[in-house]
Amino acid sequence: MTRSAHRRSRPLAGLGRMTVLGLRTSWRGPALVAVICIALVTAIAVGVEGLYPTRAQRVEYAATAGASGISTAFNGRGYALDTLGGITGVEVGFMGQLLFPILGVVTAIGLTRRQEEAGRTELLTASRVGRPAPLAAAALLLVLTCAVTAAGLTVSMAATGLPVVGSAWYAAGVGACVLFFAAVGLLLGELCQQARTAQQLGLGAVSVVYLTRFVIDATGWDAAWASPLGWLPEVRAFDSPRAWPLAAYCLASAVLLAVAAVVAVRRDAGAGVIEIGRAHV
């Protein structure tokens, strides 16, 4: 069987080997995602507990800062703001709303297009490795990263005294959010010929969805579904948890990954649909 025929018959050939290799050589990026997310949320949870130790102080927060239109626009909608968990969720707001998606996009591009740009992917796919195997391996690593992040967040938040169930729901929302934007990064990594271009477009996409959510929340429009960054607060982890935002993240991630896989199979190694910023000699 020829190499091309082998790839057609087994498109995911070498997936296990690619995944193990990714874990060995590119573990720093995914590990950094987990560490940053866990550290950010845990630090804010500890700070909130110190600032609002009594029920009366939390009720006052809900009636003042929590009811502020400016705060809602920047941080997203808050729920159960008379609880430590609810306050933690909204206080993570601005930083998390930008940091979670950026980490997902940049890490995904680093695992795919940056590896291809450096020539490492081409060397691997020159052997008996299916064309979409590198993409699939990166996707598996990102799913593992998000799962570890969610598990670590659950444990660390519960350790600060927050309810375990609420912590688990919140952590699942963060993990799903990072995964969705990682899927955006995977697609951009397949479409763009340069990692730098993919990152620029990814940051632009994050800005657009953040500003969309900002406008929706600032105007009080009942359309949280219109921006992926509006889905995270709608998990309502410490109020009455809702599963639809998690389902939306997972479904959207699957669609983006499927499109990325189609592009990966159809394009040539090193090529891309988008060549913005490419230097011409």
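In the predicted model, Arg 236 is placed in the loop that joins α12 (228-231) to α13 (244-266). The phi angle of Arg 236 is near 50°, a positive value in a residue other than glycine. Most residues other than glycine have a negative phi. With a relative accessible area of 23%, Arg 236 is partly exposed, since the buried class is reserved for values under 20%. A positive phi also occurs at Ala 80, where the angle is near 55° and the residue is again other than glycine. Ala 80 belongs to the loop between α5 (69-75) and α6, and because its relative accessibility is 16%, Ala 80 counts as buried.

The protein as a whole contains 13 helices and zero strands, so that, by the count of its elements, the order from the N terminus is a run of α elements. Of the 281 residues in the protein, 48% are buried. Among contacts with a separation of 6 or more, 77% are made by residues 24 or more positions apart. The accessible surface of the protein comes to about 13100 Å², and carbon and sulfur atoms account for 67% of that area.Helix α3 (residues 28-51) consists of 24 residues, and the 34 Å from its first C-alpha to its last is close to the 34 Å expected at 1.5 Å a residue. The buried residues of α3 include Pro 30, Val 33, Ala 34, Cys 37, Leu 40 and Val 41, together with Thr 42, Ile 44, Ala 45 and Val 48. These buried residues pack against three helices, namely α6, α9 (133-159) and α10 (164-191). Ahead of α3, the loop between α2 (15-25) and α3 holds Ser 26, which is buried with a relative accessible area of 14%. Apart from neighbours within four places in sequence, Ser 26 is in contact with Leu 21, Leu 111 and Gln 115.

Phe 100 is located in helix α6 (residues 84-111). With a relative accessible area of 1%, Phe 100 is classed as buried because this value falls under the 20% limit. When residues up to four places away in sequence are set aside, Phe 100 touches Cys 37, Leu 40, Val 41, Val 92, Tyr 170, Val 174, Cys 177, Val 178 and Leu 232. Of these contacts, Cys 37, Leu 40 and Val 41 are also listed among the buried residues of α3. The C-alpha atoms of Phe 100 and Phe 180 are separated by 10.0 Å, although the two residues are 80 residues apart along the chain.

Enclosed space was examined next. Rolling a probe the size of a water molecule over the atoms shows where empty space is left. The count comes to four cavities of 30 Å³ or more, and about 240 Å³ of space lies in the largest cavity. The lining of the largest cavity is formed by 21 residues, with Arg 77, Gly 89, Val 90, Tyr 170 and Pro 233 lying nearest its centre. Helix α6 gives the most to this lining, contributing nine residues. By class, ten of the lining residues are nonpolar, nine are polar and two are charged. Tyr 170, one of the residues nearest the centre of the largest cavity, is also one of the residues that Phe 100 touches.

Helix α11 (residues 195-219) has 25 residues, which at 1.5 Å a residue should span 36 Å, and the end C-alpha atoms are 36 Å apart, in agreement with that expectation. Its buried residues are Ala 195, Thr 197, Ala 198, Gly 202, Val 206, Val 209, Tyr 210, Arg 213, Ile 216 and Asp 217. The cover over these buried residues includes α5, α6, α7 (113-117), α10 and α12. Directly after α11 comes Gly 220, with a positive phi near 75°.

An exposed position is provided by Val 164, which is found in helix α10. The relative accessible area of Val 164 is 53%, and Val 164 is therefore exposed, the limit for this class being over 50%. Leaving out residues up to four places away in sequence, Val 164 touches Thr 154 and Ala 158. Val 164 and Thr 154 are ten residues apart in sequence, and their C-alpha atoms are 7.0 Å apart in space.

Terms used:
Residues numbered from 1 in each chain as written. Predicted model: local features only at pLDDT ≥ 70, side-chain atom pairs only at ≥ 80, totals over all residues. Heavy atoms only, no water. Helix = DSSP H or I, 4+ residues; strand = E, 2+ residues; numbered from the N terminus. Buried < 20%, exposed > 50% of the residue type's maximum accessible area, 1.4 Å probe, protein only. Contact = heavy atoms within 4.5 Å. Areas by Shrake-Rupley, 256 points an atom, 1.4 Å probe, with all protein chains shown as cover. 1 Å grid on protein atoms, 1.4 Å probe; cavity = no way out; pocket = protein on both sides within 12 Å on 5 of 7 lines; lining within 4 Å. Points joined across faces, edges and corners; volume = space filled by probe spheres on them. Nonpolar A, V, L, I, M, F, W, Y, C, P; charged D, E, K, R; others polar. Expected span 1.5 Å × (residues − 1).
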